[in-house]
Amino acid sequence: MKGYIQVYTGNGKGKTTASLGLAIRAAGAGLRVHIVQFLKKGDYSEIKALSKFENITVEQYGLGKFVKGNPSQEDKAAGALGYQRLCDLLKKNEHDLVIAEEGNVAVMCKLFSEQDLLALMELKPANMELVITGRGATQSVMDRADLVTEMKEVKHYYKQGVMARVGIEK
């Protein structure tokens, strides 16, 4: 089966949720899934749920805090490790679906460059599906992708002070 490059971007809610839904669908079909999460660290509800699937692996390459302004050396080191891990996964070609969760945000935060992300897209084997999530996808990344979905915020209860809720947003 031919694999494609999908990008889920935009300011609306649902980018990670969409990619995780795809991961579950793929796992249900017996496909091997690997998720590399940038900028995240912690025991999120989705990590607990995904751990029940033997054919889904999740690795986190973040410090568990928002990157504001320039990233710290530790942020950059974590991002570099995640980027290298993605390169290794694509080169080994042992998975059917690889998800670079918050890959676009990692570029925005300067954990690695747009050129690095484009190079990663070129590494993708023909049979593998690659999904890149996160707001702020660059035009070059969207141009290179086969499918781009932009999540548009129309209304969000966060603006009324509702914080992320366990099991719904985290």
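**Close-up views of helix 1, strand 5 and Asp96**

**View 1. Surroundings of helix 1 in the predicted model.** The buried residues of helix 1 are covered by elements that include strand 1, strand 2 (33-38), helix 2 (45-50), strand 3 (56-61), strand 4 and strand 5. These buried residues are Lys15, Thr16, Ser19, Leu20, Leu22, Ala23, Ala26 and Ala27. They lie on the same side of helix 1, because the arc they cover around the axis is only 155°. On the face turned away from this buried side, helix 1 carries the exposed residues Thr17, Arg25 and Gly28.

**View 2. Length of helix 1 and the residue that follows.** Helix 1 comprises the 14 residues 15-28. At 1.5 Å a residue, a span of 20 Å is expected, and the end C-alpha atoms are 20 Å apart, so the two values agree. Helix 1 is followed by Gly30, which has a positive phi, near 85°.

**View 3. Strand 5 and the two directions of its side chains.** Strand 5, formed by residues 129-133, is mostly covered, with 5 of its 5 residues buried. Glu129, Val131 and Thr133 point one way from the strand, whereas Leu130 and Ile132 point the other way. In a regular strand, side chains alternate between the two faces of the sheet. In strand 5, the residues pointing either way are all buried.

**View 4. Strand 5 and its pairing with strands 1 and 4.** Strand 1 (residues 5-9) pairs with strand 5 in the parallel sense, over 4 bridges. Within this pair, Ile132 of strand 5 has Val7 opposite. Strand 4 (residues 97-101) also runs parallel to strand 5, and 4 bridges join these two strands. Here Val131 of strand 5 has Ile99 opposite. Val131 and Ile132, which take part in these two oppositions, point in opposite ways from strand 5.

**View 5. Asp96 in the loop before strand 4.** Asp96 belongs to the loop between helix 3 (73-92) and strand 4. The relative accessible area of Asp96 is 17%, so this residue is classed as buried, the limit being under 20%. The side chain of Asp96 reaches the backbone nitrogen of Arg32 at a distance of 2.7 Å. With neighbours within four places in sequence left aside, Asp96 is in contact with Leu31, Arg32, Asn127, Met128 and Glu129. One of these contact residues, Glu129, is itself buried and belongs to strand 5.

How values were computed
Residues numbered from 1 in each chain as written. Predicted model: local features only at pLDDT ≥ 70, side-chain atom pairs only at ≥ 80, totals over all residues. Heavy atoms only, no water. Buried < 20%, exposed > 50% of the residue type's maximum accessible area, 1.4 Å probe, protein only. Pairing = 2+ DSSP bridges. Expected span 1.5 Å × (residues − 1). Arc of directions from axis to C-beta. Contact = heavy atoms within 4.5 Å. Polar contact = N/O pair within 3.5 Å; in protein donor to acceptor, adjacent residues only side chain to side chain.
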